[in-house]
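Got your viewer open? Let's take a walk through this one, stop by stop, with something to select at each point.

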Amino acid sequence: MASLQDIQRRISSTKKTRQITSAMQMVSTAKLSQIQKYSAGYGAYAARLETVVEHLVSAHLFDNADADHIPLIAQRPIQKTGILVVTSDRGLVGSYNANVIKQTNALLEKLNLDTTNTAILAVGGNGADFYKKRGFEVILEHRGVSDVPSFNEIRSVVKTVTSLYETGVFDALHVVYNHFVNRLTSEYRDVQLLPLTTDTLEAMGGTEAQKAELDVQSTYEIEPDTTAVLNVVLPQFAQSLVYEAVLDAKTAEHAASSTAMKGATDNAKDLIGRLELQFNRARQAAITTEITEITGGMAALE
């Protein structure tokens, strides 16, 4: 049985741990609120851009475009598939990273992908380290994403992603990450981003209200030509989707961290309660023993 001193030491240590996890929970909650405000602003721009692209599809510009001269919509045999995996750099985020990696492994199996026909693009250290250890080719690795990443911070990543596809390093791209639902829930998402197809572009279009607001006409007058316009709009659109995924995943990461630290704080509180009860029982037993010994000694003297 542990001594009173040992129990006191454990209580003191657990209280310090509770203070740390409670502080980390507050920090994560503050970061979550901050990135949610930032995401709301960027989300309005992203939704409008998606709506514009969907309108171009509705106007049949893609039907008249020369796909061979627009790399992001050109269809080619898929010899190598790129998987953009968004994870965190650190732990203390509950099952956040484990969920992304588990579901991504299931996706690899479903698509019959292995180390010979897969290129990993990793945003976040956990995903990069996991797939490196398993022999996958990691052609892009970006660590140290800030708590509220700006587009300028991720610009090099999103431009590299589209550039690698355009130069034929891989022939299709899936973006996999945890989508933020609310403070307690996130869900895994797999978006086949490249090549851009009419079906995927229509699915990504904005809301009906946004479509009506722009009052799209059935035809467009294009200068200098359709190919030139789409070669400007589509890379911006694809880069926006990649950045939006990183921003969404970072939001889910902060929510997971806040939830995990709250769980740790609650567990520490429960443990302290059990230890204090154990301490009180042990102290009561020690006092009872002392009283018994004193009473026994007095009886012996009589």
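Start with helix α8, residues 226–301: it supplies three residues to the lining of the largest cavity, the largest share. To see the whole lining, select Val 86, Thr 87, Ser 88, Asp 89, Tyr 96, Val 123, Gly 124, Val 145, Val 246, Lys 250 and Glu 253. The space they line has a volume of about 70 Å³, and the count of cavities of 30 Å³ or more comes to one. Colour the lining by class and you should get five nonpolar, three polar and three charged residues.

Before going further, colour by confidence, as this is a predicted model. The mean pLDDT is 84, with 88% of the residues at 70 or more. Confidence is highest in β1, at 94, and lowest in helix α7 (residues 208–214), at a mean of 49. Now pick out residues 213–218: pLDDT is below 50 there, and the stretch makes eight contacts beyond near neighbours in sequence. Where pLDDT is low, don't read the predicted coordinates in detail.

**Next stop: the largest pocket**

Select Tyr 177, Arg 189, Glu 244, Ala 245 and Asp 248. Of the 21 residues that line the largest pocket, these lie nearest its centre. The pocket holds about 470 Å³ of space. Which elements give two or more residues to its lining? They are α1 (4–58), β4 (172–180), β5 (186–194) and α8. Helix α8 gives the most here, with seven residues. By class, the lining of this pocket has twelve nonpolar, five polar and four charged residues.

**On to the second largest pocket**

The volume of the second largest pocket is about 190 Å³. For its centre, pick Ser 95, Leu 184, Thr 185, Ser 186 and Ala 256, the closest of the 16 lining residues. Show α3 (96–110), β4 and α8 as well, since each of these elements gives two or more residues to the lining. Which element gives the most to this lining? It's α8 again, with four residues. The class split for the second largest pocket is seven nonpolar, eight polar and one charged.

**Into the strands**

Now select β2, residues 118–123. Are its residues buried or exposed? Six of the six are buried, so β2 is largely enclosed by the rest of the structure. Turn the strand so you can see its two sides: Thr 118, Ile 120 and Ala 122 point one way, while Ala 119, Leu 121 and Val 123 point the other, and all are buried. You've already met Val 123, one of the residues lining the largest cavity.

Add β1 (81–86) to the selection. The two strands, β1 and β2, run parallel and are joined by six bridges. For one pairing to zoom in on, select Gly 82, whose bridge partner in β2 is Ala 119.

**Last stop: helix α4**

Finish at α4, residues 125–133, and select its buried residues: Gly 125, Gly 127, Ala 128, Phe 130 and Tyr 131. Their spacing is worth a look with the helical repeat in mind. An α-helix has 3.6 residues a turn, so residues three or four places apart point the same way. What do the buried residues of α4 pack against? Show β1, α3, β2 and β3 (137–142), and you have their packing partners. After α4 comes Gly 135, where phi is positive, near 85°.

Notes. Residues are numbered from 1 along each chain as its sequence is written. This is a predicted model: local features need pLDDT of at least 70, side-chain atom pairs count only at pLDDT 80 or more; totals for chains, interfaces and linings use all residues. Side-chain values use heavy atoms; hydrogens and water are left out. On a 1 Å grid over the protein atoms alone, a cavity is a set of points where a 1.4 Å probe fits but cannot get out, and a pocket is an open set with protein on both sides within 12 Å along at least five of seven lines; lining residues have an atom within 4 Å of a point. Grid points are joined across faces, edges and corners, and a volume is the space filled by probe spheres set on the points. Ala, Val, Leu, Ile, Met, Phe, Trp, Tyr, Cys and Pro count as nonpolar, Asp, Glu, Lys and Arg as charged, and the others, Gly among them, as polar. Buried means under 20% relative accessible area, exposed over 50%, partly exposed in between (1.4 Å probe, protein chains only). Contact means heavy atoms within 4.5 Å. pLDDT is the predictor's confidence in each residue, from 0 to 100. Two strands pair if DSSP finds at least two bridges between them.
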